[in-house]
Amino acid sequence: MSSLNKGVGTVEVALSWDPSPLGEAPHDLDIVAATYRTDARSGAPAYVVHFDSRSPDGTITLTRDSKTGQGFGSDEVLKLEFHRLSSEYGRVVIGVVIQQRDGRRVFSDVANPLVKVVEGHTELRKNDFSEVAGATAAVIGEFVRSESGGWQFSELVRGFDADPGVFIDLMGRD
């Protein structure tokens, strides 16, 4: 691989949404990253980063976690450092799930949901969940390690009707 084509290095996934209308229960969306081993790229993940957590080696970290969508800028931010991720891992799937504590909510119930995937100043993905408006959770993309060791990003959108626990089990399946 040439020095000009090393694949993806450090990436941020930023999620934002508007707060619920006054008097309604808050909308709580969460970014989820499921990491899979090189020899088991689907099925159950090796580990999952979500809800104020980080990967065991510190290469995937949730740096901002909102439960209401209040504030300026991004409400949740996930940082992924692929250049540091062990070679035993070959796939990372990124998803967003809506907490279902106060009744069933889908993406169309949330005002202005938006997720961006960026590397430095380069936007790799931007999605408003309109393709999966009736879903409670969605996979928005995946990073896969190539045979040469570099990481590549693939856009994909798959909606799910699942609570957070079930979504984690489903998100990496082909």
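**Exercise 1. Strand E2 and its partners**

Which residue is the bridge partner of Leu29 in E6? Then place E2 among its neighbours.

*Solution.*
Step 1. This is a predicted model. Begin with the register: Leu29 has Ile98 as its bridge partner in E6.
Step 2. Count the bridges on this side. E2 and E6 are paired over nine bridges, in the antiparallel sense.
Step 3. Turn to E3. Here three bridges make the link to E2, and the two strands run antiparallel.
Step 4. Check one pair: Tyr47 in E3 stands opposite Thr35.
Step 5. Test for burial, with the cut-off at under 20% relative accessible area. Strand E2 covers residues 29–37, and eight of its nine residues are buried, so the rest of the structure largely encloses this strand.

**Exercise 2. The sheet**

Give the strand order of the open sheet and identify its edge strands.

*Solution.*
Step 1. Five strands make up the open sheet, and their order is E3-E2-E6-E9-E10.
Step 2. The pairing is antiparallel.
Step 3. Find the edges. Strand E3 (47–49) and strand E10 (151–160) each pair on one side only, which makes them the edge strands.
Step 4. Add the twist: from one strand to the next it averages 20°.
Step 5. Look at the E10 side. Strand E9 (residues 137–145) pairs with E10 over eight bridges, in the antiparallel sense. One bridge for orientation: Gly141 has Glu155 in E10 as its partner.

**Exercise 3. Tyr89**

Is Tyr89 buried or exposed? List its contacts beyond the sequence neighbours.

*Solution.*
Step 1. Locate the residue: Tyr89 lies in strand E6 (residues 89–98).
Step 2. Read the accessibility. Tyr89 has a relative accessible area of 9%. The cut-off for buried is under 20%, so Tyr89 is buried.
Step 3. Set aside neighbours within four places in sequence. Tyr89 then contacts Thr35, Tyr36, Arg37, Thr38, Ala46, Tyr47, Arg145 and Trp151.
Step 4. Take one of these, Arg145, and compare sequence with space. Tyr89 and Arg145 are 56 residues apart in sequence, yet their C-alpha atoms are 7.9 Å apart.

**Exercise 4. Thr59**

Where does Thr59 sit, and which side chain does its own side chain meet in a polar contact?

*Solution.*
Step 1. Thr59 belongs to the loop between E3 and strand E4 (60–64).
Step 2. Its relative accessibility is 1%, so Thr59 counts as buried.
Step 3. The polar partner is Asp57: the two side chains make a polar contact at 2.8 Å.
Step 4. Again leave out neighbours within four places in sequence. Thr59 is in contact with Tyr47, Lys79, Leu80, Glu81, Arg84 and Leu85.

**Exercise 5. The whole chain**

What pattern does the protein chain follow along its sequence, and how does its radius of gyration compare with the globule rule?

*Solution.*
Step 1. Count the elements: the protein chain holds one helix and 10 strands.
Step 2. Order them along the sequence: β-β-β-β-β-β-β-β-β-β-α.
Step 3. Compare radii. The chain has a radius of gyration of 16 Å, and the rule gives 16 Å for 174 residues, so the chain is as compact as a globular protein of that length.
Step 4. Get the extents. The C-alpha trace spans about 55 × 35 × 30 Å along its principal axes.
Step 5. Add burial and surface. Of the 174 residues, 47% count as buried. The accessible surface is about 8400 Å², and carbon and sulfur atoms hold 47% of that area.
Step 6. Finish with contact range. Among contacts with a separation of 6 or more, 65% join residues 24 or more positions apart.

Key. Residues numbered from 1 in each chain as written. Predicted model: local features only at pLDDT ≥ 70, side-chain atom pairs only at ≥ 80, totals over all residues. Heavy atoms only, no water. Pairing = 2+ DSSP bridges. Helix = DSSP H or I, 4+ residues; strand = E, 2+ residues; numbered from the N terminus. Axes fitted to C-alpha atoms, helices over the stretch in contact; angles between N-to-C directions. Rg over C-alpha atoms; globule rule 2.2 N^0.38 Å. Buried < 20%, exposed > 50% of the residue type's maximum accessible area, 1.4 Å probe, protein only. Contact = heavy atoms within 4.5 Å. Areas by Shrake-Rupley, 256 points an atom, 1.4 Å probe, with all protein chains shown as cover. Polar contact = N/O pair within 3.5 Å; in protein donor to acceptor, adjacent residues only side chain to side chain.
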